[in-house]
Amino acid sequence: GVIKTFPGFWIQRLETTEKEYLQFINDPNTIQIIDNAAARGQLIYLPRENGVISKSWKRKDSTYTASPFPDEAVRHISFDDCVAYCEWRTAKAKEKGIPFEFTLASEEEWERAARGADGRDFPWGNSFDWTFCNSSWSFPSRKQLYDAVYFPRDESPFSIMSMAGNLLEFTSTPGYRDQLYIGKGGASGSLRVEHFRAAKKYNMHHSLGIGFAGFRMVARSAIK
């Protein structure tokens with residue numbers, strides 16, 4: 001087969017949480033952008049369901065609060081929202097003199113982090129077990145998000161967590177047509193084994209807030 005190489009990168013061990021995303025939302029500059037968009041009839045950045053802000057996200061004056069579970073992965077967001085968060089994190093790092101740029105992983109980077117050097121089918125190996133990751137059949141009576149500690153077997157050779165289950169994740173790789181980007185990983189509501197294979201891919205619209213999708217960042221050196 002073809003051997004592909006690409007520059008080294010750092011990737012988040014866990015998916016971006018509500019607590020982390022909330023820092024971005026409550027930045028005064030972000031609030032202003034949200035309000036300006038609302039004045040034009042647009043809802044951006046905020047987690048949303050069926051075109052309205054998710055019920056667990058509340059605003060009082062110029063401050064938002066999220067759900068009672070701030071360490072859960074943030075969801076109901078779009079590819080565009082994820083990119084905006086990465087750009088905000090990069091700007092904050094630059095202000096502090098931290099020489100890193102934050103982006104979404106490419107499809108190839110995501111797969112490398114999930115499959116390791118041996119190209120395994122799942123982060124833990126080549127055999128699937130429903131109890132190893134957050135899926136529809138992990139806890140059949142309770143389909144919800146869980147902290148990674150509940151599924152320690154869903155860990156890649158590089159110690160990256162929840163790359164098989166929990167949430168499907170946006171990548172920076174364009175999809176098969178305009179306005180689509182590749183998503184990777186399974187989700188807590190996924191019903192078929194093939195959905196959890198690290199090689200599986202989905203095409204996701206860039207502006208839709210998707211309830212079963214989240215993201216994790218990669219960091220690259222900003223020193224050229």
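Colleague: In what order do the 4 strands of the open sheet run?

Modeller: Keep in mind that this is a predicted model. As a general idea, strands in a sheet pair through backbone hydrogen bonds, parallel or antiparallel. Here the order is β9-β8-β7-β10, with mixed pairing. β9 (201–205) and β10 (213–214) are at the edges with a single partner strand each, so one side of each has no neighbour in the sheet.

Colleague: In which sense do β8 and β9 pair?

Modeller: Antiparallel, over 5 bridges, with β8 covering residues 180–184. For a spot to click on, take Lys184: its bridge partner in β9 is Lys201.

Colleague: Now the interior. Which residues touch the most other members of the largest nonpolar core?

Modeller: In soluble globular proteins, nonpolar side chains tend to be buried together. In this case the core has 30 residues, and Tyr21, Phe24, Ile25, Phe170 and Phe215 touch the most other members. Elements giving two or more residues include α1 (18–25), α3 (79–95) and β7 (168–174). The largest share, 7 residues, is from α3.

Colleague: What is Phe170 in contact with, beyond its neighbours within four places in sequence?

Modeller: Among others, Ile77, Phe79, Cys82, Leu104, Ile182, Met204 and Ile210. Another core, of 9 residues, lies apart from the largest one and includes Ala113, Ile160 and Val218.

Colleague: At what angle do the axes of α1 and α3 cross?

Modeller: Roughly 75°, coming within 10 Å, and therefore the two helices α1 and α3 are roughly perpendicular. Glu20, Tyr21, Gln23 and Phe24 of α1 meet Asp81, Ala84, Tyr85 and Trp88 of α3. By class, that contact has 5 nonpolar, 1 polar and 2 charged residues.

Note on methods. Residues are numbered from 1 along each chain as its sequence is written. This is a predicted model: local features need pLDDT of at least 70, side-chain atom pairs count only at pLDDT 80 or more; totals for chains, interfaces and linings use all residues. Side-chain values use heavy atoms; hydrogens and water are left out. Two strands pair if DSSP finds at least two bridges between them. A nonpolar core is a set of buried Ala, Val, Leu, Ile, Met, Phe, Trp, Tyr and Cys residues joined through side-chain atoms within 4.5 Å. Buried means under 20% relative accessible area, exposed over 50%, partly exposed in between (1.4 Å probe, protein chains only). Contact means heavy atoms within 4.5 Å. Axes are lines fitted to C-alpha atoms, for helices over the stretch in contact, and angles run from 0 to 180 degrees between N-to-C directions. Angles under 35 degrees count as roughly parallel, over 145 as roughly antiparallel, 65 to 115 as roughly perpendicular and the rest as oblique. Ala, Val, Leu, Ile, Met, Phe, Trp, Tyr, Cys and Pro count as nonpolar, Asp, Glu, Lys and Arg as charged, and the others, Gly among them, as polar.
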